[in-house]
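Q: I've got a protein model open on my screen and I'm not sure how to read it. Could you walk me through a few features?

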Amino acid sequence: SGTYTVTEINTPGRYNTPASQAITVPDGGTATVTFKNTIKKGYVEIYKTDTTTGNPLAGAVFGIYNSANIRIGELKTNVDGYAKSGLLLYGDGYYLLEEQAPEGYVLDTTKHYFNVRTNGQTITIHTANQSQMGQIAVQKNDGETGEAVTSPATFDIRAAKDIQTPDGTIRLKAGELADTVTTKNGVGTTKQLYLGEYGVTEKTAPSGYVQDGKRYPVTLAYG
């Protein structure tokens, strides 16, 4: 007879090792000890920011998928650009997939893979989104014939109001020059511009033409 300590020394990888147990064996008798193993579990957290400013972005919705591509949960970032899952079972091949981008941003279609291997662990994923942008096309035609003017004209594109992205950043002040476009065969296109309200004015008229003094309002919007 006597008292002994029983310890599990070879636990399957997906399970937590249970605490050792003391057991008393009677003289000439048999004692039974039972161990119960709990599966390891962990969390995933995500930080969502603007690609260029690093500012946090709220409203991004992610599906949580397992290795069988089954959607098992959802995350939505808060005002700090942060979200954290509930407990996820031990396993490999999980991934986060953005299903709704923050307002004013381009959807990130990357699958962000992670594994849950340690009990209580938190896997951290950082992702960023690019602001939605657009271009302004300028067409220069002859006022009488309606035909495209082949000689070049130059146009200034300025912000009609402050151009602000949803992360709160002022990208252009009202009146600030966004781009200058020179037409070729009557057509010119700006670089990529942040969404918002702009004004287009002719800076230099084509050879043989009177400069157009009008200001043409243009709104860049998504969807």
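Q: Let's start with the open sheet: in what order do its four strands come?

A: Keep in mind that this is a predicted model. The four strands run in the order S5-S4-S8-S9, and they pair in the antiparallel sense. From one strand to the next, the twist averages 30°.

Q: Which strands stand at the edges?

A: Look for strands with a single partner: here those are S5 (71-76) and S9 (111-116), so each has one side without a neighbour in the sheet.

Q: And over how many bridges do S8 and S9 pair?

A: S8, which covers residues 91-100, pairs with S9 over five bridges, in the antiparallel sense. To see one of them, find Tyr95 and look across to Tyr113 in S9, its bridge partner.

Q: Now the inside. Why look for nonpolar side chains buried together?

A: Because in soluble globular proteins they tend to end up that way. In this model, the largest nonpolar core has 15 residues, and Ile136, Ile157, Leu193 and Tyr198 touch the most other members. Strands S13 (154-159), S16 (177-182), S18 (193-194) and S19 (196-204) each supply at least two residues of this core. S13 gives the largest share, three residues.

Q: What is Ile157 in contact with, leaving aside its neighbours within four places in sequence?

A: Its contacts include Ile136, Leu177, Val181, Leu193, Tyr198 and Val200. Glu176 and Asp179 are among them too.

Q: Which residues belong to the other core?

A: That core lies apart from the largest one and has 14 residues, among them Ile64, Leu75, Leu96 and Phe114.

Terms used. Residues are numbered from 1 along each chain as its sequence is written. This is a predicted model: local features need pLDDT of at least 70, side-chain atom pairs count only at pLDDT 80 or more; totals for chains, interfaces and linings use all residues. Side-chain values use heavy atoms; hydrogens and water are left out. A nonpolar core is a set of buried Ala, Val, Leu, Ile, Met, Phe, Trp, Tyr and Cys residues joined through side-chain atoms within 4.5 Å. Buried means under 20% relative accessible area, exposed over 50%, partly exposed in between (1.4 Å probe, protein chains only). Contact means heavy atoms within 4.5 Å. Two strands pair if DSSP finds at least two bridges between them. Axes are lines fitted to C-alpha atoms, for helices over the stretch in contact, and angles run from 0 to 180 degrees between N-to-C directions.
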